[in-house]
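Here is a short tour of one protein chain, with a look at how its parts meet. Please keep the sequence and the 3D view at hand as you read.

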Amino acid sequence: MNKLLRIHDLTITAGEKTLLDRFSISVGSGERVGLIGESGSGKTLTLKAILGLLPNNLATAGEIYFADHETNLLTASEKQLAHLRGNAISMVFQEPLKALNPLHTVGKQIAEAALIHNTAKTRAEALRLAADMLAAVNIPDPHRALKSYPHELSGGQRQRVIIAIALLNNPRLLLCDEPTTALDVTVQKQVLDVISSLVTDHHTGLLFVTHDLAVIARMCDSVTVLKEGRIVESGPVSQVLTDPAHEYTRRLIAASTVHERPAVKLSSVPETAVSIRDVSRVFKPSGVMFRKRAAEKVALNGINLEIPRGSRLGIVGESGSGKTTLLRLLAGLDSPTSGAIEINGQPLSGGKRTKRGLRTPDGAAAIQTQLVFQDPHSSLNPRMRILDIITEPLTAKPNRVSSAERRQLAADMLHEVGLTGDASADELLSRYPHEFSGGQRQRIAIARALITKPSLLLADEPVSALDVSVREQILRLLDRLTAETGATLVIVSHDLATIKNLCDTVAVVYNGEIVEHASTDKLFSHPQHSYTQKLLAASLNLRGELAAKHR
């Protein structure tokens, strides 16, 4: 087999600390290789090293060769690398908000990739290609999406735009860094099918990083397991994931099997923590001065829901269905167009507007209600140290917390969410968000949400960016928090296994409406609505994917 990519003894260091130690791997034309391991193990660093995208403060050694190019990519010039990026080698990044330019429309950014590498000769041709790619990754109304800015799309839709850019020029080697992290299960399956078709039809090499072992089983022929920057095991997927040789691999497989949570019986007449009555949210088009006026977007339409105190509600649905909009309303970060919301018997006002027009919840809401956002890159202030980020909610408390207490509480939360290692708590707290991996940043966001021990915890895909072992830790943490404090949990997730593990009831949202609401047991065993049935059918699990490979 012709080896497209050859990596030999790749070592990446930051000062005296080794981040990746003598890493070697090869990917042939049409070959599918997976990389798995915990956050910070060096998976993303490997992909960035291939394209020359590592930060300047990191030093590299070793060799990376692509196809018949004689130049070591670690020592290649920027001109040589620029010719490869987005053309012969493409990459799907983990965080779409970080990868997309907020000042340009989606269409302009996709078309740019076609024009730079001469895939299209004119702007009109490039935009036609862009529309075709958006349709291929299942973006609703592609021509409207072309004229949209990144912030006007949902998280899952932004990730699909990134995938469209990566696939546009039919690359010979495709690097995927958690490409389906932000996608619901139905779109995940569609996107994986698109990537799989590209690899098959064009004999493209694939290097696939993910924490989802079921996705690895579906997409890859072989897999390499990384732990703390070192390879601990590699081999065919069917061998490594069914008969692992290393204890660490066995732990990853055990953690990827999410067990169903026993049903919890609430009191016969439970108190209501959250009451949602006839709530609708309609977004009017903005920024239309230089564009044709767009139609209003109905994000939520006549939502009615009662959430008992101490219960755990899971909300599932496709990207753009209104799940995150509903959470923002509950957090007081937005107001409904019509209808009413009560939390603990008190009307929710929707917060106050700052001078910049942004909404902030009032003091009581900031203490009693906390929200874990989906994207840790956008939800953590890059100019604040981790200590200040984690303890920021404490500033809303009526009783001021001393500096020593703040530091101790922050250190305790780092330990609770599993953000420990060689560095001391003091050292971690003095760092900035960019010094952590995507999964580590999400753990910081979760620590910030839990520090006030809220009575209502809202979570928007809280474990989507985490590897399987840390996901299990966070789910246990959420389980323990709600059990010990009696907190009410409302969680949005596209991972149905997470919902099944953590929640008492499930609400299925489709096109801004709740189409099914039932106990977890009933919904998973006897789904009534056709969309719910479609969601369950599209869900991946490790055992099923491995069985399919054997067939």
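## Two domains and their contact

Buried area, as used here, is the accessible area (1.4 Å probe) that two parts lose on being put together, summed over both. With that in mind, let us turn to the model, which is a predicted one. The domain assignment splits the chain into domain 1 (3-256) and domain 2 (272-286 + 294-380 + 455-550). To their contact, domain 1 brings 39 residues and domain 2 brings 34 residues. Between them the two domains bury about 3100 Å², with 59% of this on carbon and sulfur atoms. Their centres, taken over C-alpha atoms, lie 29 Å apart.

What does the count of salt bridges between domain 1 and domain 2 come to? It is one. The count of residue pairs in polar contact, both at pLDDT 80 or more, is zero between these domains. On the side of domain 1 that touches domain 2, several helices each supply at least two residues, including H7 (155-167), H8 (185-202) and H9 (213-219).

## A network around Arg218

Arg218 and Glu545 join their side chains in a salt bridge, at 3.6 Å from N to O. Arg218 also meets Asp193 in a salt bridge, here at 3.2 Å. That second pair links distant parts of the chain, with Asp193 in helix H8 and Arg218 in helix H9, 25 residues apart. Both are partly exposed: Asp193 has a relative accessible area of 31%, and Arg218 has 25%. Together with Lys189, the residues Asp193, Arg218 and Glu545 are linked in a network of salt bridges.

## Other salt bridges

The whole structure holds 18 salt bridges. One of them pairs Glu78 with Arg85 at 2.6 Å. Glu78 is partly exposed at 49% relative accessible area, whereas Arg85 is buried at 18%.

Another salt bridge joins Glu271 and Arg309, whose closest N and O atoms are 3.3 Å apart. Glu271 sits in the loop between H11 and strand S10, and Arg309 in the loop between strands S11 and S12, so this pair ties together parts 38 residues apart in sequence. Glu271 is exposed at 53%, while Arg309 is partly exposed at 34%.

## Helix H19

Helix H19 covers residues 468-485 and has 18 residues. From first C-alpha to last, H19 reaches 26 Å, close to the 26 Å expected at 1.5 Å a residue. Its buried residues include Val470, Ile474, Leu477, Leu478 and Leu481. Residues three or four places apart in an α-helix point the same way, because there are 3.6 residues a turn. Just after H19, Gly486 adopts a positive phi of about 75°.

Definitions and conventions:
Residues numbered from 1 in each chain as written. Predicted model: local features only at pLDDT ≥ 70, side-chain atom pairs only at ≥ 80, totals over all residues. Heavy atoms only, no water. Helix = DSSP H or I, 4+ residues; strand = E, 2+ residues; numbered from the N terminus. Expected span 1.5 Å × (residues − 1). Buried < 20%, exposed > 50% of the residue type's maximum accessible area, 1.4 Å probe, protein only. Domains from an automatic or database assignment. Contact = heavy atoms within 4.5 Å. Salt bridge = Lys/Arg side-chain N within 4 Å of Asp/Glu carboxyl O. Polar contact = N/O pair within 3.5 Å; in protein donor to acceptor, adjacent residues only side chain to side chain.
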